[in-house]
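Student: Could we take a close look at one part of this model, the ligand and what surrounds it? I'd like one connected walk through it, please.

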Amino acid sequence: MYEIPFLRPKLVEKEAYADYFRQIDDSRIYTNYGTLNTLFEQRLLHELFRNKGSAVTVNNATTGLMLAISLTKRRGKYALMPSFTFAATPLAAMWCGLEPYFIDIRPNDWCMDEELLKHELDKLGDEVAVVVPYAAFGTNMDISGYQSLQERGIPVVIDAAASVGSTLDGHFGQGFEGTVVFSFHATKGFGIGEGGLIYSADRPVIDALRQMANFGFDVERDSRQIGLNGKLSEYAAAIGLATLQAYEQKKGRRERVYGWYMEELAEAGLPDQGWTLQDVRGTVAQSFFSMLCPAASCNLDVVRMLAAHGIQSRTYFAPSCHQQTLFQSCPSTSMTVTEQIGSRIVNLPLWEDMNRSQVSKVVRCLRHG
Ligand SMILES: *Cc1c(COP(=O)(O)O)cnc(C)c1O
């Protein structure tokens, strides 16, 4: 047991959703896009996306990625994506019969390098079935380039698993005509246990995804397209509704902890010693606090040092996908930046009820080693 664990998820408590659970008992509707799920989708669209676009819930983001890739991919064999992401991204592509093709990331925002991507797209042409960027750690990456790809007929599915609550002139992904997949996993900023959301400004795409996530059935329950069961239960939707009501407060708590980190880091002078933050824009919903250790140090030493002080930390996403057994044989560009960042990334604890002295202790340990 660590004195300061990396994550300490805290979901809404049962009192917050008791009334919704009572409604389920009364209605005896437990799933299949029931009343509460419909309400949850409507409120998410209204409160997060200002009623622009459409969205459908899914039982988790991995299923959401599989469905979105399967529906929108064109002929071709490759899914172009960063290697600096969670294994779910390449796995989802593989479930759709595609081969992940890894593209290096940019050193500043840790997202897929769009110059390299363009080069590979020109080279691979029709062999590219889909492009799957990842908004690294919930960042509001610029999606205008991906919007252009989508308009040019190259489908784009954004892995925005950690981006619920990230805003910059509106919520991340708002208005995007490809698909954007969010996660409600317990460890994410908007945690309900298991769940996810697929968003698109393209209404027919969301309608088709809703059918796909219900065995591909049309209104006559005739299976017309490939599908699976990707639905969110009414119980999960109930917890989602309660989470939405508490969300501003929950988000505020994380922002406060983030603010303490920024103050303590500046006071400790760590930025002058080579500790580097991700270049981000707008407000990012933080699931943890990510930093690069100085280039001369190794992140694994930092993780060990912190552990010796009772502090748990991680090195997401290192080893990166291209270094993992299943994906080692996948084609890729040079992985120079991914590997540099992978040897420096340290993810520090950041959870809702973390207090200032815990943040001070983490920063003090980073400073004195
Ligand atoms: C969490 C995460 C996922 C998977 O989300 P689930 O809802 O757990 O399936 C996919 N991609 C990335 C980048 C993630 O961080």
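Student: Let's start with Lys188: how far does a polar side-chain atom of this residue lie from an oxygen atom of the ligand?

Tutor: Keep in mind that this is a predicted model. The distance you're asking about is 3.3 Å, from a polar side-chain atom of Lys188 to a ligand oxygen. Thr62 also puts its side chain to use here: one of its N or O atoms is 2.6 Å from an oxygen atom of the ligand. With Ala61, it's the backbone that takes part, since a polar backbone atom of that residue is 2.9 Å from a ligand oxygen. As for how covered the ligand ends up, it exposes 390 Å² when taken alone, and the protein buries 91% of that.

Now step back to the whole shell. There are 13 residues around the ligand, and the ones that come nearest are Ala61, Thr62, Asp159, Ser183 and Lys188. By character, the shell splits into six polar residues, five nonpolar and two charged. And the site itself? The ligand sits in the largest pocket.

While you have the model open, a quick word on the cysteines. You'll find zero disulfides in the structure. Cys298 is in none, and its nearest cysteine sulfur, the one of Cys293, is 6.8 Å away, where a disulfide would need the two sulfur atoms within 2.5 Å. Cys298 is partly exposed, at a relative accessible area of 31%. Cys365 is in no disulfide either: the nearest cysteine sulfur is again that of Cys293, 15 Å away. Cys365 counts as buried because its relative accessibility is 7%, and the cut-off for buried is under 20%.

Definitions and conventions:
Residues are numbered from 1 along each chain as its sequence is written. This is a predicted model: local features need pLDDT of at least 70, side-chain atom pairs count only at pLDDT 80 or more; totals for chains, interfaces and linings use all residues. Side-chain values use heavy atoms; hydrogens and water are left out. A residue is near a molecule or strand if one of its heavy atoms lies within 4 Å of it. A polar contact is a pair of N or O atoms within 3.5 Å; within protein, one must be able to donate a hydrogen and the other to accept it, and residues adjacent in sequence count only if both atoms are side-chain atoms. Accessible areas come from the Shrake-Rupley method with a 1.4 Å probe; for residues, only the protein chains shown count as cover. On a 1 Å grid over the protein atoms alone, a cavity is a set of points where a 1.4 Å probe fits but cannot get out, and a pocket is an open set with protein on both sides within 12 Å along at least five of seven lines; lining residues have an atom within 4 Å of a point. A molecule sits in a cavity or pocket if more than half of its atoms lie within 2 Å of its grid points. Ala, Val, Leu, Ile, Met, Phe, Trp, Tyr, Cys and Pro count as nonpolar, Asp, Glu, Lys and Arg as charged, and the others, Gly among them, as polar. Buried means under 20% relative accessible area, exposed over 50%, partly exposed in between (1.4 Å probe, protein chains only).
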